[in-house]
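I opened this notebook to record what I looked up in the structure, taking contacts between chains and then enclosed spaces in turn.

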Amino acid sequence: ALLLTGCVSNEPRESEDDAASGPVAVTENDEPGDEVVIGFSAPAADHGWMGAITSAAKAEAEKYEDVTLQVAEGTNDVNVQISQIEGFIDQGVDAIVLLPFDGAALTDVALEAMEAGIPVINVDREFTSPFAARATVLGDNYGMGVSAGTYICEQLGDNPDAVVAEIAGIDSLPLTQDRSQGFKDALDDCGLDVDARVAAEFTVESGEEQTANLLSAEPQIDAIWNHDDDQGVGVLAAIENAGRDEFFVVGGAGSANMMREIQDEESVVDATVIYPSTQAADGVKLARLVAQNKTVSDLASIGVPRTVQLYAPVVTADNVEEFLPIGFES
Amino acid sequence: MSQRSALMGPALRMGGLVLALVLLVVVGVATAGERFWSTGNLITVLSLAAVTGVVSIGMTFVITSGGIDLSVGAVVGLASVWASTLSTQYAAEDFGWWVIPLTALAVGLVAGLINGLLVAYGKMPAFMATLAMLAAARGLAEIIAGRRTQIVTVEPFFDVFQSRPLGVPAIVWIFVVVAAAGWFLLNRTTFGRRTVAVGGNPEASRLAGIKIKRHTLYLYGLAGLTAGIGAVILLARTTAGSSTHGTLLELDVIAAVVVGGTLLAGGRGTITGTVLGVLIFSTLTNVFVLNNLDSSVQAIAKGAIIVGAVLLQQWFAARERVTAT
Amino acid sequence: MSQRSALMGPALRMGGLVLALVLLVVVGVATAGERFWSTGNLITVLSLAAVTGVVSIGMTFVITSGGIDLSVGAVVGLASVWASTLSTQYAAEDFGWWVIPLTALAVGLVAGLINGLLVAYGKMPAFMATLAMLAAARGLAEIIAGRRTQIVTVEPFFDVFQSRPLGVPAIVWIFVVVAAAGWFLLNRTTFGRRTVAVGGNPEASRLAGIKIKRHTLYLYGLAGLTAGIGAVILLARTTAGSSTHGTLLELDVIAAVVVGGTLLAGGRGTITGTVLGVLIFSTLTNVFVLNNLDSSVQAIAKGAIIVGAVLLQQWFAARERVTAT
Amino acid sequence: MRGIVKEFPGARALDGVDLEVRPGEVHCLLGQNGAGKSTLIKTLAGAHQPTAGEILIDGEPVTIADPVAALRLGIATIYQELDVVDGLTVAENIYLGHELASGGVTRRSEAARNTRRLLERLGHGEISPYREVGSLSAAGKQIVSLARALSRDARVVIMDEPSAVLDSEEVGNLHRIVRELVADGVAVVYISHRLEEIRQLGDRITVLKDGRTVAESLVVADTPTDELIKLMTGRSVEYAFPERPGVPAGAEPVLEVEDLALGGVFSDVSLTVRAGEIVGLAGLVGSGRSEILETIYGARRAASGTVRVGGRRLRGGVDAAVAAGIGLCPEERKSQGLLLDEPVYRNITLSTFARTARAGLLDEKAERAAAREQVEALDLRPASVDRHARTLSGGNQQKALLARWLVHGCRVLLLDEPTRGVDVGARAEIYTLIRRLADDGAAVVVVSSEIPEVLGLADRVLVISDGRAVHEGPARDIDEHRVLDLVMEGSVA
Ligand SMILES: Nc1ncnc2c1ncn2[C@@H]1O[C@H](COP(=O)(O)OP(=O)(O)OP(=O)(O)O)[C@@H](O)[C@H]1O
Ligand SMILES: Nc1ncnc2c1ncn2[C@@H]1O[C@H](COP(=O)(O)OP(=O)(O)OP(=O)(O)O)[C@@H](O)[C@H]1O
Ligand SMILES: [Mg+2]
Ligand SMILES: [Mg+2]
């Protein structure tokens with residue numbers, strides 16, 4: 001399989017209407033083609049990032065008059081999500097964009113769709129069978145942890161006794177485990193380790209609660225990595241409530257709010273690691289191309305690539321201006 | 001006349017539910033036409049209903065006896081995880097596919113029996129005992145799974161549970177069989193009649209010589225067992241075990257049972273009503289999806305439908321009472 | 001003698017809870033020493049208890065009256081969102097910071113009154129009516145918030161609610177005041193007496209001339225109001241309104257109330273017990289975090305503690321009955 | 001049974017009781033409310049474990065660990081509190097715990113057949129075995145309990161106040177059954193507070209007082225009623241209704257009911273009660289008397305008709321009625337009247353605590369004082385106002401309910417079966433109390449299934465049959481037979 005790292009684009013276009021869409025490639029691919037119906041299913045939009053995923057996908061579909069996006073309710077119940085895909089198969093949509101709540105659990109029904117001749121574009125959480133998706137758009141959870149860890153190493157590298165804390169997201173999700181693993185591995189490299197770890201639930205409230213407890217537990221901290229900028233609002237509130245500022249905070253996902261904090265010299269937030277909320281929008285684009293038998297422009301090979309792994313850069317005060325437009329509002 | 005009312009009663013009581021379901025179907029056909037009323041879609045609705053449905057049958061017994069089980073969702077998760085660990089799968093490869101469902105059923109049963117022990121012999125309020133089990137089972141499932149999704153690779157398992165006898169998925173058949181068995185158990189056996197008695201008047205039941213503690217133990221065991229069956233269905237559907245399986249399932253299940261007409265206070269239970277309740281919610285979700293409705297709007301509609309169904313059912317129940325005199 | 005037992009009774013009944021709390025504190029000091037027993041950490045525990053605590057006071061009334069309110073968490077979310085919309089914030093800039101808390105209280109109260117209407121006048125089981133409200137309030141909150149976190153920028157609001165009179169955060173004071181008011185309301189007023197009476201025997205209360213429907217309406221209104229206060233506290237703590245605020249809060253709240261000794265069946269309620277129950281769970285989380293415990297282990301331990309606390313409490317209650325002779 | 005002792009936390013209910021029952025006899029157990037009769041038979045039925053003492057059957061000592069053991073020994077019991085399950089059918093209730101089943105599967109038609117036979121034997125062939133028990137009246141439920149005891153083929157049948165909820169016709173039926181059982185050699189232990197019943201039915205009598213046997217195995221025929229009362233109460237009780245001076249002609253009508261109707265239950269009920277007057281409603285069980293009271297009280301919504309108190313029309317529910325000065329002592333004390341787990345004083349002040357409160361703040365001192373006053377006036381035992389209502393005996397619970405309305409100071413008092421399950425002593429006290437209330441100017445309406453009671457107590461009687469008043473007239477112009485005739489005619493018509 002061809003592995004692409006980075007946005008599949010080269011000519012950044014000034015976004016006219018939608019700030020969240022970021023750099024977009026304009027090619028003859030955007031000319032209207034065959035009418036396609038795309039089924040879209042994603043977990044419940046219960047936090048900003050996931051909300052941005054769905055709205056970006058919808059916005060992307062709006063841009064094409066040849067695309068009808070059929071959006072199933074967001075759900076965190078794999079059983080319901082499976083039935084949604086079964087519904088799409090039954091209706092005979094032209095393509096399915098699927099951000100599964102649990103990649104493994106939806107593999108089987110995705111296979112079924114593929115066997116029924118409906119191409120499936122897998123977004124973010126990977127299936128367990130290579131045959132279950134025509135193309136896969138992946139964020140890089142492990143890489144995210146590595147980026148955050150590496151950044152913290154750069155800042156603290158000379159101090160092996162530095163106290164590093166981690167505020168994870170929903171602990172029972174595989175993606176959280178991947179992020180934590182990447183973080184741990186990167187810290188290992190420079191002789192640091194995670195001294196305190198709590199898990200929040202991607203919500204502001206849990207972020208605040210867990211951070212308050214964490215700060216109470218650790219009187220002296222040097223760096224904190226917070227997996228998710230949505231819960232980050234609560235994390236920052238807790239830090240403010242506790243009146244602490246001896247450390248710096250690295251965020252995750254890349255919300256506009258967090259980027260504004262980075263711009264603010266006073267804030268404890270120094271950086272955030274992007275986890276693109278435009279993945280599903282990419283999925284919709286790819287799904288359209290697959291269904292219309294087109295390929296990604298600027299690629300010589302025939303057909304849409306099998307895997308697109310998106311780039312997870314670190315946003316700091318130096319480059320925040322550049323990334324602010326693609327930050328999502330949490 | 002009392003003969004007639006004894007027959008009419010349940011029919012009328014079901015009236016509201018049937019009406020609600022018919023209304024939903026009409027809305028489905030009107031808004032999605034062919035897409036709704038196709039064999040494929042109807043099977044989708046039934047497959048979706050299978051997990052909630054099976055677990056609801058066990059819950060009907062518990063609620064009829066005046067109890068409640070908040071842990072079923074977590075137990076589904078735990079059973080799915082335990083039945084899909086590597087060692088279980090190796091055993092299944094060695095001994096046969098039945099090791100997997102057997103493990104799930106055993107885990108469900110044991111968790112249910114622990115609930116039963118706490119409620120019957122520890123005299124804990126069911127709400128609290130099963131809330132504790134909810135937390136503990138979820139935590140244990142996470143530890144066992146190491147928070148990874150465990151993929152099942154035992155092909156013979158899928159050969160059985162993903163088969164489609166007569167064109168209908170095996171999991172739908174499981175739902176049908178469990179519902180029928182539940183109906184028989186509740187209405188035609190001493191176990192079922194005693195369940196109603198314990199819910200309706202525990203003291204009178206005790207004085208009539210029913211061992212209510214032991215019976216309560218069995219009831220929670222039964223609920224755990226159906227949670228185990230639910231886990232098997234989920235394994236078959238998702239091909240994977242996960243500690244997140246069954247999250248918030250308990251609320252859906254309780255809603256279906258109570259909307260179906262089983263009294264939360266105990267003393268009256270109906271499997272037919274439960275099945276109708278499950279189908280109503282499952283059809284609802286389906287109609288929403290077919291119509292591309294926003295999930296927030298769905299949530300509001302779901303709230304409204306619960307209110308509507310319960311009020312409608314009460315109206316029919318009131319009519320029944322008038323007819324009975 | 002009966003006078004004495006009337007005084008001894010509650011004290012003994014609280015014995016189990018106090019013992020549980022003391023044990024937790026001992027464990028906290030033993031494992032985390034200074035870090036646990038510092039003013040800062042104790043204030044953290046109390047601050048974290050504030051939301052659950054305030055909402056638990058309202059819930060104590062509802063449960064004492066034999067009802068239940070599953071919607072409090074969702075109502076906290078809805079109230080927090082409504083009180084932090086741009087237009088509310090503009091109004092707060094124009095008219096004063098009090099617009100924000102007032103909006104939250106009003107939203108909570110209205111949602112509670114709707115619950116009350118459905119339960120009292122619609123005769124719906126409280127479980128179902130408030131389950132419907134849970135779904136609807138969550139959906140509405142998502143629509144209003146557009147699934148965004150709404151950051152509050154009205155500084156005077158924070159000047160008030162993030163202040164620390166006497167070194168203790170304002171939100172802790174709110175908890176203290178609400179708990180004291182709740183205790184007074186339940187134990188010293190006709191409203192409280194009616195609540196206990198309605199929970200103990202609704203029919204007898206009705207036949208004694210108590211307007212049980214109206215009273216029920218007020219009770220759910222009260223629970224909604226405390227959810228509104230909870231939303232204000234969350235706004236002050238998190239500086240933002242969100243439709244995810246209060247997720248699963250209802251379970252924590254009910255657990256605290258019931259562990260505290262209020263009967264789920266109604267007819268007996270204790271504010272002191274509720275406060276102790278809230279503190280137990282809040283301390284528990286804190287001790288876990290101080291010891292860097294894994295969240296799965298936490299979940300299992302939480303289940304065990306619920307079981308232990310309820311059993312301990314029952315043991316003390318049994319002793320009380322013996323002592324009363 | 002020898003030297004049985006039973007201690008409850010907080011009370012020694014039995015303190016050395018002896019009871020000897022022979023096959024083929026009706027052994028009556030007498031005693032005041034709270035004497036320990038129910039507790040005694042519950043230890044015999046395995047529902048309670050005795051603290052001390054032994055139980056012998058055929059001379060062999062046995063332990064009865066649970067109700068199953070008792071049933072296995074051939075002891076069947078009809079409990080004082082209705083012990084049926086509303087959600088089950090008649091047949092299912094009768095066979096609850098000993099279902100006719102093969103391999104756990106119930107044999108429904110056989111159960112129905114047997115049930116029909118049992119019910120016919122009880123003179124109630126019209127009750128369908130498939131009917132849900134919840135839809136039966138209290139009397140119907142009592143019949144189901146009776147049928148259940150019969151279905152057990154027991155050697156000893158214990159009946160704890162089986163006649164309390166039955167009307168005179170049903171009581172006749174019950175007596176016939178008891179005689180049949182005795183003729184078959186079954187021993188019957190019979191508890192009742194109606195002494196005339198004991199005279200008609202009993203062979204021997206054991207009298208309990210304060211948890212002790214005070215007289216054992218007295219032969220009924222040799223023991224005059226006065227002596228029994230003395231044994232039970234320790235004093236003599238005036239057991240007749242003294243003649244009452246008529247109501248003063250000029251007395252104002254206090255309660256006026258006009259053409260009241262409730263869909264499907266009763267219609268065209270009119271009655272006027274003047275200050276100081278006692279009006280009795282007589283009729284068979286199920287004739288709708290309770291519903292009439294409840295509708296007057298506003299607890300049920302009338303289909304048509306008006307209720308006036310002191311000339312002012314009553315609108316709204318119970319709270320309006322209470323505010324207008326009406327009080328109701330409901331038929332089922334426990335489920336409709338009392339907060340069982342609250343102290344007595346709070347039960348007594350349940351409808352007045354808001355009045356003694358100031359600005360919503362309770363005045364418990366005043367409540368206690370008011371309650372204590374009534375407890376002393378009514379001789380409620382034990383005399384503590386802080387005891388939970390649950391631990392009171394039936395008669396004392398009834399007194400607590402009356403006390404509630406005495407504290408309230410009612411102008412109109414509606415009493416539904418005020419002496420059901422109440423012992424002779426307390427009964428006489430309650431009669432005196434009702435009359436004293438009327439003398440003080442209250443308008444009283446009394447429903448009772450014991451016709452002599454209605455006739456003796458009331459100034460004026462309404463005979464109700466099938467939801468209609470078939471006769472109205474002064475109580476002294478009518479006797480028990482005439483009432484029964486009227487009822488029969490009414491239900492035929
Ligand atoms: N569960 C209990 N706990 C405490 N005391 C009890 C309990 N049950 C009964 N008692 C007490 O035991 C005594 C005997 O009660 P019991 O019910 O046997 O009286 P009884 O003779 O049947 O009266 P009645 O004629 O009113 O039915 C009473 O003083 C009562 O208060
Ligand atoms: N909840 C109810 N629903 C329908 N019918 C009822 C209900 N309660 C009572 N009835 C019916 O109303 C009629 C009169 O009821 P009830 O037995 O209370 O009369 P009563 O004269 O007061 O007799 P009792 O002496 O038993 O109190 C009966 O036919 C009964 O079946
Ligand atoms: Mg008795
Ligand atoms: Mg009656």
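**Entry 1. A salt bridge between chains.** I began with D:E92, which forms a salt bridge with B:R193; the closest N and O atoms of the pair are 3.0 Å apart. I note at the outset that the model is a predicted one. I then searched the whole structure and found 45 salt bridges over all chains. The pair I had started from crosses between chains: D:E92 sits in helix α3 (residues 90-94) of chain D, and B:R193 sits in helix α9 (residues 190-200) of chain B.

**Entry 2. Chain B against chain D.** I next looked up the interface to which this pair belongs. Between chain B and chain D I count three salt bridges. The two chains bury about 2,100 Å² between them, and 58% of that area is on carbon and sulfur atoms. I asked which residues of chain B supply the area buried against chain D. B:R188, B:R193 and B:L207 supply 26% of what chain B buries there, more than any other three residues. B:R193 is thus named both here and in the salt bridge with D:E92. The contact takes 25 residues from chain B and 27 residues from chain D.

**Entry 3. Chain B against chain C.** I then asked which chains share the most contacts. Of the five pairs of chains in contact, the answer is chains B and C. I find 37 residues from chain C and 37 residues from chain B in this contact. The buried area is about 2,900 Å² between them, with 81% of it on carbon and sulfur atoms. For chain C, I record that C:F127, C:M128 and C:I300 supply 18% of the area buried against chain B, more than any other three residues. I looked for salt bridges across the interface of chain C and chain B and found zero.

**Entry 4. A pair without contact.** I checked chain A and chain D, which do not touch. The nearest C-alpha atoms of chain A and chain D are 35 Å apart.

**Entry 5. The largest cavity.** I counted nine cavities of 30 Å³ or more. The largest cavity holds about 130 Å³ of space. Of the 15 residues that line the largest cavity, I list B:L207, B:A208, D:L71, D:T77 and D:Y79 as the closest to its centre. I asked which elements give two or more residues to this lining. They are α10 (202-207) of chain B together with α2 (67-72), β6 (75-78) and α5 (138-151) of chain D. By class, the lining of the largest cavity divides into 11 nonpolar, one polar and three charged residues. I note that B:L207, listed in this lining, also appeared among the three residues named for chain B in Entry 2.

**Entry 6. The second largest cavity.** About 110 Å³ of space lies in the second largest cavity. Its lining includes B:L70, B:F127, B:L134 and B:E250 from chain B, and C:L70, C:F127 and C:E250 from chain C. Two or more lining residues come from each of α6 (126-145) and α12 (249-259) of chain B and α12 (249-259) of chain C. I record nine nonpolar, no polar and two charged residues in the lining of the second largest cavity. C:F127 lines this cavity and is also one of the three residues named for chain C in Entry 3.

**Entry 7. A helix of chain C.** I closed with helix α5 (residues 99-121) of chain C, which has 23 residues. From its first C-alpha to its last, this helix reaches 31 Å, close to the 33 Å expected at 1.5 Å a residue. Just after α5(C), C:K123 takes a positive phi of about 55 degrees.

Definitions and conventions: Residues numbered from 1 in each chain as written. Chains lettered and ligands numbered in written order. Predicted model: local features only at pLDDT ≥ 70, side-chain atom pairs only at ≥ 80, totals over all residues. Heavy atoms only, no water. Helix = DSSP H or I, 4+ residues; strand = E, 2+ residues; numbered from the N terminus. Expected span 1.5 Å × (residues − 1). 1 Å grid on protein atoms, 1.4 Å probe; cavity = no way out; pocket = protein on both sides within 12 Å on 5 of 7 lines; lining within 4 Å. Points joined across faces, edges and corners; volume = space filled by probe spheres on them. Nonpolar A, V, L, I, M, F, W, Y, C, P; charged D, E, K, R; others polar. Contact = heavy atoms within 4.5 Å. Buried area = accessible area lost by both parts, 1.4 Å probe. Salt bridge = Lys/Arg side-chain N within 4 Å of Asp/Glu carboxyl O.
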